[in-house]
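Student: I have a structure open and want to go through it with you. Can we start with one of the helices?
Tutor: Fine, put it up.

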Amino acid sequence: MENRTIVKLENVSFKYDREWVVKDVNLDIQSGQFLGLVGPNGSGKSTLIKLMLGLVKPDQGSIHLFGQTLKQYQDWQEIGFVSQKANSFNSGFPATVIEVVKTGLVSRIGAFKFFNKKHKEKALEALRVVEMEEYAYSNIGELSGGQQQRVFIARALVSDPSLLILDEPTVGVDAKHVTEFYDLLGKLNQEQGITLLMVTHDIGTITDHATHVICMNKTVHFHGASEEYKEFSEEDLNQLYGHSVQQLTHNHEHHEVNHND
Ligand code: ADP
């Protein structure tokens, strides 16, 4: 597969009110990559993703998706998104796994149209990819956090995206299942050729799985191959982030507690 630039940000800056949250970001994402986006809490990672998804508009700079400006770009099915809170349904939520996956097809077939057999097959196929087919008719709320996360990945996969963006997908995944979860992402990247951009706090393990790492704190401080990132000493990393990496790890724990509330 030939590599091409699928996301391009040029001098992108953004603020919600007075302070810049994203400042002068230049970024190129090539097809076929598996990118980990890391940075301290509040460093603008989610906002950067919102900018890429066209949910907020840059105050300065330009964004191109698949060679088109954000304004021109129409083919949103090409981009799958799995949000941070995806896997927190409680057991009372009355939807089966396959129903949840089929909602990923709504933008393709239009709301209030009926799902047909082809759509069901498509949903089952996506569940097969994430190894959750046997749970197709279980209630979504009965599944573990990690299983729900897989279902939401399947929901994103039904529209055949070429780019999949995941906001902290390992939060809520049981520690002993995190490796399997990364294996799934690796499979999507290598076997299905899906470009992955994943926000994560797992700075220790991301480099074992992602091909590239982007470090940001308002602006991009590093963007390069995982091998290059692995060579950094703790001191290099402290400089890169502008403050202690230990604080980063501390923030991580704090963050997880919030998610499990
Ligand atoms: P990260 O994902 O790295 O934790 P965010 O992009 O969520 O960072 O947030 C970056 C900064 O923008 C933070 O200071 C946060 O408080 C602020 N922020 C995020 N969302 C909003 C919003 N909707 N309105 C105002 N400020 C926001």
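Student: Which residues of α5 are buried?
Tutor: This is a predicted model. In α5, the buried residues are G146, Q147, Q148, Q149, R150, V151, F152, I153, A154, R155, A156 and L157. That makes 12 of the 13 residues in the helix, so α5 is mostly covered.

Student: What do the buried residues of α5 pack against?
Tutor: They pack against two strands, β6 (79-82) and β7 (163-167), and against the helices α2 (97-102), α4 (117-129) and α6 (178-190).

Student: What span should α5 have, going by its residues?
Tutor: Helix α5 covers residues 145-157, and at 1.5 Å a residue it should span 18 Å. Its end C-alpha atoms are 18 Å apart, which agrees.

Student: Now the ligand. Which residues surround it?
Tutor: Y16, V21, G39, N41, G42, S43, G44, K45, S46 and T47. Helix α1 (residues 45-52) gives the most to this shell, with 3 residues.

Student: How does the shell split by class?
Tutor: It has 2 nonpolar, 7 polar and 1 charged residues.

Student: What is the mean pLDDT of the protein?
Tutor: The mean is 86, and 85% of the residues reach 70 or more. The model also scores ipTM 0.98 and pTM 0.88.

Student: Where does pLDDT stay under 50?
Tutor: Over residues 246-261, where the model has 12 contacts beyond four places in sequence. Predicted coordinates should not be read in detail where pLDDT is low.

Student: And overall, how many helices and strands?
Tutor: The protein has 10 helices and 10 strands. Of its 261 residues, 37% are buried.

Methods: Residues are numbered from 1 along each chain as its sequence is written. This is a predicted model: local features need pLDDT of at least 70, side-chain atom pairs count only at pLDDT 80 or more; totals for chains, interfaces and linings use all residues. A residue is near a molecule or strand if its C-beta atom, placed from the backbone, lies within 6 Å of it. Helices (H or I, at least four residues) and strands (E, at least two) are DSSP runs, numbered from the N terminus. Ala, Val, Leu, Ile, Met, Phe, Trp, Tyr, Cys and Pro count as nonpolar, Asp, Glu, Lys and Arg as charged, and the others, Gly among them, as polar. pLDDT is the predictor's confidence in each residue, from 0 to 100. Two residues are in contact if their C-beta atoms, placed from the backbone, lie within 7 Å. A residue is buried if 20 or more other C-beta atoms lie within 10 Å of its own, exposed if 12 or fewer, and partly exposed in between; C-beta atoms are placed from the backbone. The expected span of a helix is 1.5 Å times one less than its number of residues.
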